[in-house]
Amino acid sequence: MIRILVCFFGILMAPALSAESRSMSDKLMQVKSFTADNGLHVIFHHRDDSDTFTAQLVVNLGLQDFSCKDRQAPHLLEHMLLEGTTRFDRKTLRQRIRNLGGKTKAYTREESTYYTISLHSDYPDIALDTLHSVISEPRFNKQDFITSKQIIHAEQGSNSNSTSPFGKPIPVLTEMAKAQLFKGTELYCDNLSSPDHLRLDYIKALYRDHYVASNMTLIVIGHFDEQAILELIGSRFMALPMLPEPKHNPIPRWQPDYATINARNALFNPEANLHLYLPGVGSTDPLADYYEIIAEYFSEQLYYEVRGAKGLGYTPRAHLDNTTRYGYIEATTKTTSRWLPEAQQSFVDLYQQLQKKGIPEKDVERIKAKLVLEFESKQRDHDELASIYRRNRFQIRETGKMPDFVANIKQVNAGKLNQVIATRFPPNPLIATHVRPSLYLTVLQFVLISMVVTAMIWPLLRRLRKRNQS
């Protein structure tokens, strides 16, 4: 049966255009795609010039699917699956890939959770077998559950003591800013979500309902024997049970909150971090390429002005960060507490210039050419390829091919781009800073802490005094 499938898909997915008619980026982005009988979506890209094999399994389950209280549920499940399987304990699971010069990574983001294994192209069977074990053979023991919660606390810099006198943990600066940008969605949370209240039965049910073939995309990239790979996929992933795809709540429209965020750094740390955030679009939005050019141009202006002309910051830059449906532009620089006000004013001034004047047509054309060359060179990295396929997986599933990046970039024109800036960008951006507290706040904190400590030890001191007197 598998051999019949191999032959069938080989005919069905044969390239229709001659190599001469394709651009360099088109050759690099040729993918083959099919949906198996059990609903699993498979994307694979064969590369003769690569000596690496990469397999990535994407599950359509992310942070957006949970309330703030349960936000860490998919993250906790991700960590548990990597703690070991029914066939491989934690150490064996890690060494099985590491001993072959490979690496294993996993992330939970707004829209998805994904697991990636990369190793030498001589061992694709090990990569696929290990990835299959991770997502289909969980052991779900109590110790892994406890360990995974502790790992999440370590990542967040939080703790498991819910009765801490210092209150709820504050999210890191980036998460606070993203929450304000996506206000009105489940991504808006005032505080860090703790995994402590989550129960093992709940995580098991989450796995049972969402880790089904119809809710997954398998991405395979590298140098491999195509028939052998299809047989491996068929014997493992296509054998996963056929279950209906879980329903996902629609993503509501959000209303960003552009109020300034001022977070405090360590007391004696002279470093300050400055961030500027703007609403963006997801990778499937027709205007995604426009936002990419805007971010690139703004990044150049920040570098020339803030670092080159004034020397106020270390590597100021801007970039577009997007998933399938969510996106934002982040501009940032490291500076010092002394130079932060001037650097912040420069960020705002450059943004206002961008709004007022837009981007000159010659710069639009120059950046378009630059992005095409950068796009072609980046495709030599499997992680970058997998990221692009992941963001475009729904389009690939529907059409069987990648969107034409070069054609889309060439259609961008300065007039429409500047109209996007004028109509879609807010009058004032979201500014977020991370700086050590002022002298006044430092003294105030010291006084308050002294009062709390005194109140706690004063009864003990009185008791000791009475005992000594008696």
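Trainee: Where do Arg366 and Asp363 lie, and how far apart are they?
Mentor: Both are in helix α12, three residues apart, which is about one turn of the helix. Helices here are DSSP runs of H or I with at least four residues, strands are E runs of at least two, and both are numbered from the N terminus.

Trainee: What do their side chains do?
Mentor: The side chains of Arg366 and Asp363 form a salt bridge, 3.1 Å from N to O. That term means a side-chain nitrogen of Lys or Arg within 4 Å of a carboxyl oxygen of Asp or Glu.

Trainee: Are the two buried or exposed?
Mentor: Arg366 is partly exposed at 38% relative accessible area, while Asp363 counts as buried at 14%. Buried is under 20%, exposed is over 50%, and partly exposed is in between, with a 1.4 Å probe and protein chains only.

Trainee: Which residues are joined into a network by shared salt bridges?
Mentor: Arg87, Arg96, Asp129, Glu137 and Arg236 make up one network.

Trainee: What kind of model is this?
Mentor: It is a predicted model, where local features need pLDDT of at least 70, side-chain atom pairs count only at pLDDT 80 or more, and totals for chains, interfaces and linings use all residues. Residues are numbered from 1 along each chain as its sequence is written, and side-chain values use heavy atoms, with hydrogens and water left out.

Trainee: How many salt bridges are there?
Mentor: The count is 23. One of them pairs Asp383 with Lys105, at 2.7 Å from N to O. It links distant parts of the chain, since Asp383 is in helix α13 (residues 382-391) and Lys105 is in strand β4 (residues 103-108), 278 residues apart. Asp383 is partly exposed at 24%, and Lys105 is partly exposed at 27%.

Trainee: What about Lys370, which residue does that one pair with?
Mentor: Lys370 forms a salt bridge with Glu300, the closest N and O atoms being 3.7 Å apart. This pair also links distant parts of the chain: Lys370 sits in α12 and Glu300 in helix α10 (residues 288-309), 70 residues apart. Glu300 is buried at 8%, whereas Lys370 is partly exposed at 33%.

Trainee: Back to α10. At what angle does α10 pack against α16?
Mentor: About 85°, with the axes of α10 and α16 (residues 414-424) 10 Å apart. Axes are lines fitted to C-alpha atoms, for helices over the stretch in contact, and angles between N-to-C directions run from 0 to 180 degrees. So α10 is roughly perpendicular to α16; that label covers 65 to 115 degrees, with under 35 roughly parallel, over 145 roughly antiparallel and the rest oblique.

Trainee: Which residues make the contact?
Mentor: Tyr290, Tyr291, Ile293 and Ile294 from α10, and Lys416, Leu417, Val420, Ile421 and Arg424 from α16. Contact means heavy atoms within 4.5 Å.

Trainee: New topic. Where is Ser214?
Mentor: Ser214 is in the loop between α8 (200-210) and β6 (216-222). At 8% relative accessibility, Ser214 counts as buried.

Trainee: Which residues does Ser214 contact?
Mentor: Leaving aside neighbours within four places in sequence, Ser214 is in contact with Asn38, Gly39, Leu40, Leu243, Pro244, Glu245 and Arg397. A polar atom of the Ser214 side chain lies 2.9 Å from the backbone oxygen of Leu243. The backbone nitrogen of Glu245 lies 3.1 Å from a polar atom of that Ser214 side chain.

Notes. A polar contact is a pair of N or O atoms within 3.5 Å; within protein, one must be able to donate a hydrogen and the other to accept it, and residues adjacent in sequence count only if both atoms are side-chain atoms.
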